[in-house]
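Student: Could we go through this structure together? I would like to start with the strands and then turn to individual residues.

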Amino acid sequence: MTKVTLIGDRLAEPGTQFVYRGPSSACEGCPYRKQCLNLDEGVRYEVRGVRENAQLLDCAVHDAGVRAVEVEPAPVVANVPSKGAYAGSKASLAGPCPHTECPSHEYCVPEGAEFDQEYRIAEVRGDPPHDFCYLDRDLTLVEFAPQEE
């Protein structure tokens, strides 16, 4: 479902993805709070369109100001345990991984997904980008369906 919100002008491009982290202390007293802080915390969103003729508004958080855009929840690509990983099933992340140098780290600890939550698998992408898992986990790269609001 598409929502209209305000985001930093530098991010206001169709296709840009971001994870909404909630209000900043600099948002206190801002006249645009209701239009800007209307997303769900921890959810990955994708900019679908920039509102035509949208004004560039001053912002205490974004140095170039904010602009009205249309966003939708976006899918999250992640590594999950291979057992039971098929399209349509539900899966959780395997758990934290301290090996930040691993080419799969961004998929084992993806932004926009939590360790204690289950997600529906929209698509199985196949083998993860690593040659071996430092934690000896058997993983499959999948795409979680966008979160419903």
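**Strands, cores and loops**

Tutor: In this predicted model, strand β6 (residues 90-91) and strand β7 (residues 119-126) pair in the antiparallel sense, over two bridges.

Student: Which residue stands opposite Ala91 in β7?

Tutor: That residue is Tyr119. Ala91 itself belongs to strand β6.

Student: Is Ala91 buried or exposed?

Tutor: Ala91 counts as buried because its relative accessibility is 10%, and the cut-off for buried is under 20%.

Student: What does Ala91 touch, leaving out residues up to four places away in sequence?

Tutor: Ala91 touches Val80, Gln117, Glu118, Tyr119, Ile121 and Phe144. In addition, the C-alpha atoms of Ala91 and Arg120 are separated by 6.5 Å, although these residues are 29 residues apart along the chain.

Student: How many bridges does β7 form with strand β8?

Tutor: There are four bridges between β7 and strand β8 (residues 139-144), and the pairing is again in the antiparallel sense. One bridge partner in β8 is Val142, which stands across from Val124.

Student: Which residues make up the largest nonpolar core?

Tutor: The largest nonpolar core has 11 residues in all: Val76, Ala78, Val80, Ala85, Ala91, Leu93, Ala113, Tyr119, Ile121, Val142 and Phe144. At least two residues of this core come from each of β5 (76-81), β7 and β8.

Student: Which strand gives the most to this core?

Tutor: That is β5, with three residues.

Student: And what is Val76 in contact with, leaving aside its neighbours within four places in sequence?

Tutor: Val76 is in contact with Arg44, Pro110, Glu111, Gly112, Ala113, Val142, Glu143 and Phe144. Of these contacts, Ala113, Val142 and Phe144 are also members of the largest nonpolar core.

Student: How many residues are in the other core?

Tutor: The other core lies apart from the largest one and has 10 residues, among them Ile7, Phe18, Tyr20 and Val43.

Student: Changing topic to aromatics: how many aromatic pairs does a search of the whole structure find?

Tutor: The search finds three aromatic pairs. In one of them, the rings of Tyr119 and Phe144 have their centres 4.8 Å apart and their planes at 25°.

Student: Why is that pair stacked?

Tutor: The planes of Tyr119 and Phe144 are at 25°, and planes under 30 degrees apart count as stacked. The pair links distant parts of the chain, since Tyr119 is in strand β7 and Phe144 is in strand β8, 25 residues apart.

Student: Are the two residues buried or exposed?

Tutor: Tyr119 is buried, with a relative accessible area of 5%. Phe144 is buried as well, with a relative accessible area of 1%.

Student: Now the four-stranded sheet. What is the order of its strands?

Tutor: The order is β1-β4-β3-β2, in an open sheet with antiparallel pairing. β1 (3-8) and β2 (17-19) are the edge strands, and each pairs on one side only. On average, neighbouring strands of this sheet are turned by 50° against each other, direction ignored.

Student: How many bridges join β1 to β4?

Tutor: Six bridges join these two strands, which run antiparallel. Within this pairing, Ile7 stands opposite Arg67 in β4.

Student: Is that arginine, Arg67, buried or exposed?

Tutor: Arg67 counts as buried, at 19% relative accessibility. The residue lies in strand β4 (residues 66-73).

Student: Which side chain makes a polar contact with the side chain of Arg67?

Tutor: The side chain of Asp9 makes that polar contact, at 2.7 Å. Not counting residues up to four places away in sequence, Arg67 touches Thr5, Leu6, Ile7, Asp9, Ala12, Val50, Ala54, Gln55 and Leu56.

Student: Finally, the loops. Where is Asn53 found?

Tutor: Asn53 is in the loop between β3 (44-50) and β4. Asn53 has a positive phi of about 55°, although it is not a glycine. At 80% relative accessibility, Asn53 counts as exposed.

Student: And where does Asp136 lie?

Tutor: Asp136 lies in the loop between β7 and β8. Asp136 is not a glycine either, yet has a positive phi of about 60°. With a relative accessible area of 72%, Asp136 is exposed.

Notes:
Residues numbered from 1 in each chain as written. Predicted model: local features only at pLDDT ≥ 70, side-chain atom pairs only at ≥ 80, totals over all residues. Heavy atoms only, no water. Pairing = 2+ DSSP bridges. Core = buried A, V, L, I, M, F, W, Y, C linked by side-chain atoms within 4.5 Å. Buried < 20%, exposed > 50% of the residue type's maximum accessible area, 1.4 Å probe, protein only. Contact = heavy atoms within 4.5 Å. Polar contact = N/O pair within 3.5 Å; in protein donor to acceptor, adjacent residues only side chain to side chain. Phe/Tyr/Trp six-rings, centres within 6.5 Å; stacked < 30°, edge-to-face > 60°. Axes fitted to C-alpha atoms, helices over the stretch in contact; angles between N-to-C directions.
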